[in-house]
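Biologist: I'm new to this one. Could you walk me through it, feature by feature?

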Amino acid sequence: MEFFKLLFHAFIFPGGIFIICISLLISGIDRKLVARMQRRIGPPILQSFYDILKLIGKEVIIPKYSNKKIFLVMPIVGLVSVCIIPLLIPIFNNIYISFNGDIIFIIYLITISVIALIVCGINSSSTFGNIGASREAVLLLSLELPMVISIISVCIFSGEILGINNNFLMNSISLAQINQGSFMFTLKLLPAALAFLMIIPGETGVIPFDIAEGETEICEGPLVEYSGRYLAILKLTQSIKGFIMSSLFVSLFLGGNISNYKVVNIIIFIILTCIVMFFSITVVRTVFGRLKINQALKFYWTIPTILSLISLILVSYF
């Protein structure tokens, strides 16, 4: 019953439309900033909206040797999973929907969005799609470990693990942040915060971690056979994922009691999310070139994993 309630609010409630619109708007701003930093004019800020609307009007072509039902359903599964997540992320001391284990549910939804993309590539009956899917699977394996350890560190520090609650509630983390003033006042979680910042570009699939798509190598990998509204859904999912990963970082590491007014909290939350996106996505994809898949795997299993483990040890024993 809770799942159907989440679906209703994700797509029918105005909050779902707001998340989609703001994700596309921030995506357009990101493209403009990258162009300016590279001394180019760049596309209009609303170009992301134009692209989605244009794709919706295009013909949908289904590969001859792919499973039609899987080919059409999996992009929707990915979009549904990322649209539910914002409903579970607290905006400082305000939370919309909360239930026991919602932190674990968020991790599952993030993983489901990646698995949906992997299935899209495998089912596309294309060599490029299969290569992209295998790369996406390797990235998933490399990213999940440091991300989960970072979140566990926050849970331990807030008492959600090895404490009095053990309910894995995002709301409890927000309350702990309010009592502490802000999580960033403690150095124990600073390594985990840095690790999570490094994870964001990998989860969103932007340069230097756009290895699974590799437009100049494998023609967008899992997306190669998609067209029309289903390609629009996949592109929209990527835009929303960048916003939700950054907002999850703000909720986990930059929380606290900011204001007693909900509107003020929402505005400050969005501003902080935009700042996180600027440093973790915009700057990163402007400065760095694409990595190889083995380089990405080595990076995530060393630096972010070590940083997240440091925080885990600090919050557990000190």
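Modeller: Let's start with helix α2, which gives the most to the lining of the largest pocket: seven residues. Before we go on, this is a predicted model, where local features need pLDDT of at least 70, side-chain atom pairs count only at pLDDT 80 or more, and totals for chains, interfaces and linings use all residues. Residues are numbered from 1 along each chain as its sequence is written, and side-chain values use heavy atoms, with hydrogens and water left out.

Biologist: Which helices each supply at least two residues of that lining?

Modeller: A helix here is a DSSP run of H or I, at least four residues, numbered from the N terminus. Those helices are α2 (14-37), α3 (47-56), α10 (228-253) and α11 (262-287).

Biologist: How much space lies in the largest pocket?

Modeller: A pocket is an open set of points on a 1 Å grid over the protein atoms alone, where a 1.4 Å probe fits, with protein on both sides within 12 Å along at least five of seven lines; lining residues have an atom within 4 Å of a point. Here the space is about 740 Å³. The lining has 28 residues, and Ser 27, Arg 31, Val 206, Gln 238 and Arg 285 are the closest to the pocket's centre.

Biologist: How does a residue in α10, say Ala 232, sit: buried or exposed?

Modeller: Buried means under 20% relative accessible area, exposed over 50%, and partly exposed in between, with a 1.4 Å probe and protein chains only. Ala 232 has 3%, so Ala 232 is buried. Leaving aside neighbours within four places in sequence, Ala 232 is in contact (heavy atoms within 4.5 Å) with Ile 52, Leu 55 and Ile 56. Ile 56 is 176 residues from Ala 232 in sequence, yet their C-alpha atoms are 6.3 Å apart.

Biologist: And how many aromatic pairs does the structure hold?

Modeller: Rings of Phe, Tyr and Trp (its six-membered ring) pair if their centres lie within 6.5 Å; planes under 30 degrees apart count as stacked, over 60 as edge-to-face and the rest as tilted. There are eight such pairs. Phe 278 and Phe 279 are edge-to-face because their planes sit at 80°, with centres 5.1 Å apart. Phe 279 is exposed at 54%, while Phe 278 is partly exposed at 27%.

Biologist: Which residues do ring pairs link into a cluster?

Modeller: Phe 196, Phe 249 and Phe 253.

Definitions and conventions:
Points joined across faces, edges and corners; volume = space filled by probe spheres on them.
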